Amino acid sequence: MVVLRREIGDVLRDARQRQGRTLREVSSAARVSLGYLSEVERGQKEASSELLGSICEALDVPLSLVLREVSDRIAIAEGLAIPDTIPADFVAGLLARGGERRGRTEKELASVG
């Protein structure tokens, strides 16, 4: 059975590790205890939406992309086919609404993982 908190934790940990950052660095930036962040990443604690937003901000990864990656992982576990990219019109809309202000490119918006 797929457990949502485990998938969220895996995606957050993957993003942090790709950036070469430590739990300590991210927990400090997100203003959450190191132990709690560790438990979230291991799928032992369910992060509130506020905490999840804070962690995503600390990682400089949009919450929407984290949730999309989680959704894709769950779809795969359920045996569903998923698109391999974000539709171009959706990316254009994100960029128009502020993605460029955060320094995002289409390639970065295409995937968290």
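## Close-up views of a helical chain

**View 1. Ile55 and the residues around it.** Leaving aside neighbours within four places in sequence, Ile55 is in contact with Leu12, Ala30, Leu37 and Val40. Keep in mind that this is a predicted model. Ile55 is one of the buried residues of α4, and it turns up again in the core view further down.

**View 2. The whole chain, for orientation.** Here we step back to the protein chain, which has seven helices and zero strands. Read from the N terminus on, its elements simply go α-α-α-α-α-α-α. Of the 113 residues in the protein chain, 36% are buried. Take the contacts between residues at least 6 apart in sequence: 62% of them join residues at least 24 apart. On the outside, the protein chain exposes about 6,800 Å², and carbon and sulfur atoms supply 51% of that.

**View 3. The largest nonpolar core.** This core has 19 residues, and the ones touching the most other members are Leu12, Ile55, Leu59, Val66 and Val70. Who chips in? Two or more residues each come from α1 (4-18), α2 (23-30), α3 (34-41), α4 (49-59) and α5 (63-77). The largest share, six residues, comes from α4.

**View 4. The two sides of helix α4.** Start with the buried residues of α4, which are Leu51, Leu52, Ile55, Cys56, Ala58 and Leu59. Looking down the axis of α4, you'd find these buried residues within an arc of 160°, so they line one face of the helix. Swing over to the other side of α4 and you meet Ser49, Glu50 and Glu57, which are exposed. What do the buried residues of α4 pack against? They pack against α1, α2, α3 and α5. After α4 comes Asp60, and its phi is positive, near 55°.

**View 5. Asp14 reaching Arg73.** Now for charged side chains: the structure holds five salt bridges, and this view shows one of them. Asp14 forms a salt bridge with Arg73, with the closest N and O atoms 2.6 Å apart. Asp14 belongs to helix α1 and Arg73 to helix α5, so this pair ties together parts that are 59 residues apart in sequence. How exposed are the two partners? Asp14 is partly exposed, at a relative accessible area of 25%, and Arg73 is partly exposed too, at 22%.

**View 6. Arg73 again, this time with Glu69.** Arg73 also forms a salt bridge with Glu69, where the closest N and O atoms are 3.1 Å apart. Both residues sit in helix α5, four residues apart, or about one turn of the helix. Glu69 is buried, with a relative accessible area of 16%. Put the shared partners together, and salt bridges join Asp14, Glu69 and Arg73 into one network.

**View 7. Glu41 and Arg16, a buried pair.** Is this charged pair buried or exposed? Glu41 counts as buried, at 4% relative accessibility, and Arg16 counts as buried as well, at 8%. The side chains of Glu41 and Arg16 meet in a salt bridge, 2.7 Å from N to O. With Glu41 in helix α3 and Arg16 in helix α1, the pair links distant parts of the chain, 25 residues apart. As a general point, side chains of opposite charge can pair when their charged atoms come close.

Methods: Residues numbered from 1 in each chain as written. Predicted model: local features only at pLDDT ≥ 70, side-chain atom pairs only at ≥ 80, totals over all residues. Heavy atoms only, no water. Core = buried A, V, L, I, M, F, W, Y, C linked by side-chain atoms within 4.5 Å. Buried < 20%, exposed > 50% of the residue type's maximum accessible area, 1.4 Å probe, protein only. Contact = heavy atoms within 4.5 Å. Salt bridge = Lys/Arg side-chain N within 4 Å of Asp/Glu carboxyl O. Areas by Shrake-Rupley, 256 points an atom, 1.4 Å probe, with all protein chains shown as cover. Arc of directions from axis to C-beta.
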